[in-house]
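Reader: I would like to learn how to read a fold from its contacts, its sheets and its helix packing. Could we work through one example together, slowly?

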Amino acid sequence: MSDWPPVYDDRYRPAPGSRYWFKDRERQDPEAREQGILGKIRAVMAWAWERAPFYREKWRAAGLEPGDIQSLDDFRKVPIVTKEDLREDQAAHPPFGSYLAIPREEVFHIHGTSGTTGKPTAFAIGRDDWRRIANTHARIMWGFGLRPSDTVFFGSFFSLYMGGWGALAGAERLGATAFPFGAGVPGQTLIAIKWLREMKPSAFYSTPSYGLYVADKARGEGIDPREFGLRILFFSGEPGAGIPSTKRRIEEAYGGICLDTGSMAEMTPWMTNAECEFRTGMHLWQDIVYAELLHPESRELIPFGKEGVPVYTHLERTSQPMIRLWSGDLATWTDDPCECGRTYPRLPKGIYGRVDDMFTVRGENIYPSAIEEVLRGIRGVGEEYRIIVSREESMDELVVQAEYRGEAGAPEGLRREMETRLRAVLGVRTTVQLVPPDQLERTEFKARRVIDNRNLFRELTTR
Ligand SMILES: [Zn+2]
């Protein structure tokens with residue numbers, strides 16, 4: 001493919017009245033799109049084959065090379081890459097791994113994982129890729145309804161964390177006014193509220209936990225978050241914005257629309273999973289990052305309507321291209337039409353869990369997002385909660401600690417209602433402990449709400 005990698009015109013912008021950035025690409029017939037995807041897969045594989053020993057060795061061991069890929073069915077034979085593979089390769093070939101497929105001097109930005117669980121992974125993003133990321137994110141944010149007349153407030157970390165930077169690049173390219181406020185400094189949330197009130201940005205970006213926290217804090221100061229006048233709120237980093245009752249809470253609190261976005265930092269442009277203004281679940285922008293949903297064990301492609309693990313392939317990245325990266329997330333997908341007219345498939349329930357986040361209580365598989373969906377859907381329940389799994393005798397016990405709303409104490413019957421609804425949804429008995437507002441610790445980043453104490457019990461009893 002001679003026109004790969006693609007180069008975008010940085011001056012291009014659609015007419016403000018247009019619903020689409022690239023109308024023909026976004027509404028393309030899915031079969032015709034697959035032909036284009038195949039061409040890009042062959043191009044990115046050829047690029048990686050020549051420049052990245054990581055892929056060359058992996059594919060040689062599997063007995064294939066880029067020229068063998070004549071169809072998307074052939075592509076399903078290409079070995080899967082895991083995050084563990086990337087970590088091991090970076091340890092053996094520091095600092096960026098042997099999958100850095102551009103010269104070192106062309107690296108424009110270095111980012112990485114926080115490294116709170118295991119050794120951090122370094123992301124190297126090339127200068128040309130950064131432009132493509134900005135163009136891609138602008139295109140997708142246009143689909144939120146964001147226009148050059150908007151001002152976007154970023155309540156996210158500007159650090160190694162890729163989220164805020166990717167969103168910022170997109171807003172800048174779209175022509176909006178960027179307001180990179182940041183997060184994480186003590187006392188910053190109160191200052192954020194002051195600025196939101198004064199500057200009246202029309203759009204807001206953070207993690208969903210932080211979005212709820214800001215609203216809560218504002219109310220605590222006697223300020224209605226609707227006063228900010230936010231029209232569009234978009235989130236990444238956690239599943240929350242795709243959980244219906246959390247989405248409703250955010251929309252009710254701010255009076256704007258709440259959109260769920262995000263695949264993985266490794267997959268930047270991570271916004272190729274994103275809802276449109278109609279909020280029917282995240283579209284998969286398949287002509288930029290190709291997503292397959294695979295069965296968690298057999299790793300076969302699963303049909304629309306079923307649950308699987310998204311596996312992603314970069315179609316427009318030259319620096320550290322990811323080719324069949326296993327996400328470990330869980331989602332279902334559909335090709336049902338969306339009101340927006342885009343022909344991309346969707347994840348109607350977003351990414352509702354990670355294979356790793358799931359825990360088992362008395363034989364039932366439980367996803368934290370299912371608990372969140374129940375709690376946020378009950379009016380008297382406050383914003384923060386914890387899920388505690390422990391063991392009494394030899395039985396697992398599931399305890400949910402949640403704040404109630406209001407100063408007057410927990411409403412009559414609230415605990416019973418929560419326990420009944422949780423039991424109906426989860427299939428196991430749950431004990432609810434209600435605590436007053438503001439008792440549980442808040443987060444400005446990704447919340448850690450599941451505490452598994454079962455090992456502690458095991459240790460105490462086997463001593
Ligand atoms: Zn749509």
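Author: Let us begin with the term contact, which applies to two residues whose C-beta atoms, placed from the backbone, lie within 7 Å. Please keep in mind throughout that this is a predicted model.

Reader: Among contacts between residues at least 6 apart in sequence, what percentage join residues at least 24 apart?

Author: In the protein chain, 67% of the contacts between residues at least 6 apart in sequence join residues at least 24 apart. The secondary structure that these contacts connect comes to 13 helices and 21 strands.

Reader: How does the radius of gyration of the protein chain stand against that of a compact globule?

Author: For 463 residues, a compact globule would have a radius of gyration near 23 Å, and the protein chain agrees with this because its own value is 23 Å. Along the principal axes, the C-alpha atoms fill a box of roughly 70 × 60 × 40 Å, and 44% of the 463 residues count as buried.

Reader: Turning to the sheets, what should I look for in the pairing of strands?

Author: Strands of a sheet pair through backbone hydrogen bonds, either parallel or antiparallel. Here, one open sheet is formed by 5 strands in the order β4-β3-β5-β6-β7, with parallel pairing. Its edge strands, each pairing on one side only, are β4 (177-179) and β7 (257-260), and the twist from one strand to the next averages 20°.

Reader: How many bridges join β5 to β6?

Author: Strand β5 (residues 203-206) and strand β6 (residues 232-235) run parallel and are joined by 4 bridges; to find this pairing in the structure, you can start at Tyr-205, whose bridge partner in β6 is Phe-234.

Reader: And in which order do the strands β18 to β21 lie in their sheet?

Author: These 4 strands form an open sheet in the order β20-β19-β18-β21, and the pairing is mixed. The edges are β20 (430-435) and β21 (450-452), each of which pairs on one side only. Within this sheet, strands β18 (residues 381-392) and β19 (residues 395-404) run antiparallel and share 9 bridges, including the one that pairs Val-381 with Tyr-404 in β19. Helix α11 (residues 368-376) lies across β18, β19 and β21, and runs at about 135° to β18.

Reader: How should I describe two helices that pack against each other?

Author: Two packed helices are described by the angle between their axes and the distance between the axes. In this model, helix α6 (residues 127-142) packs with helix α7 (residues 162-174) at an angle of about 75°, their axes being 7 Å apart. The angle therefore makes α6 roughly perpendicular to α7, since angles of 65 to 115 degrees are classed in that way.

Reader: Which residues meet where α6 contacts α7?

Author: On the α6 side they include Trp-130, Ile-133 and Met-141, which face a set in α7 that includes Ala-167, Glu-172 and Leu-174. By class, the contact of α6 with α7 has 10 nonpolar, 4 polar and 2 charged residues.

Reader: To finish with a single residue, is His-111 buried or partly exposed?

Author: His-111, found in strand β1 (residues 107-112), counts as partly exposed because it has 18 C-beta neighbours inside 10 Å, whereas a buried residue would need 20 or more. Leaving aside residues up to four places away in sequence, His-111 touches Phe-123, Ile-125, Leu-160, Met-162 and Trp-165. Its C-alpha atom is separated by 28 Å from that of Arg-346, 235 residues apart along the chain.

Key: Residues numbered from 1 in each chain as written. Predicted model: local features only at pLDDT ≥ 70, side-chain atom pairs only at ≥ 80, totals over all residues. Pairing = 2+ DSSP bridges. Helix = DSSP H or I, 4+ residues; strand = E, 2+ residues; numbered from the N terminus. Axes fitted to C-alpha atoms, helices over the stretch in contact; angles between N-to-C directions. Parallel < 35°, antiparallel > 145°, perpendicular 65-115°, else oblique. Nonpolar A, V, L, I, M, F, W, Y, C, P; charged D, E, K, R; others polar. Buried ≥ 20, exposed ≤ 12 C-beta atoms within 10 Å, placed from the backbone. Rg over C-alpha atoms; globule rule 2.2 N^0.38 Å.
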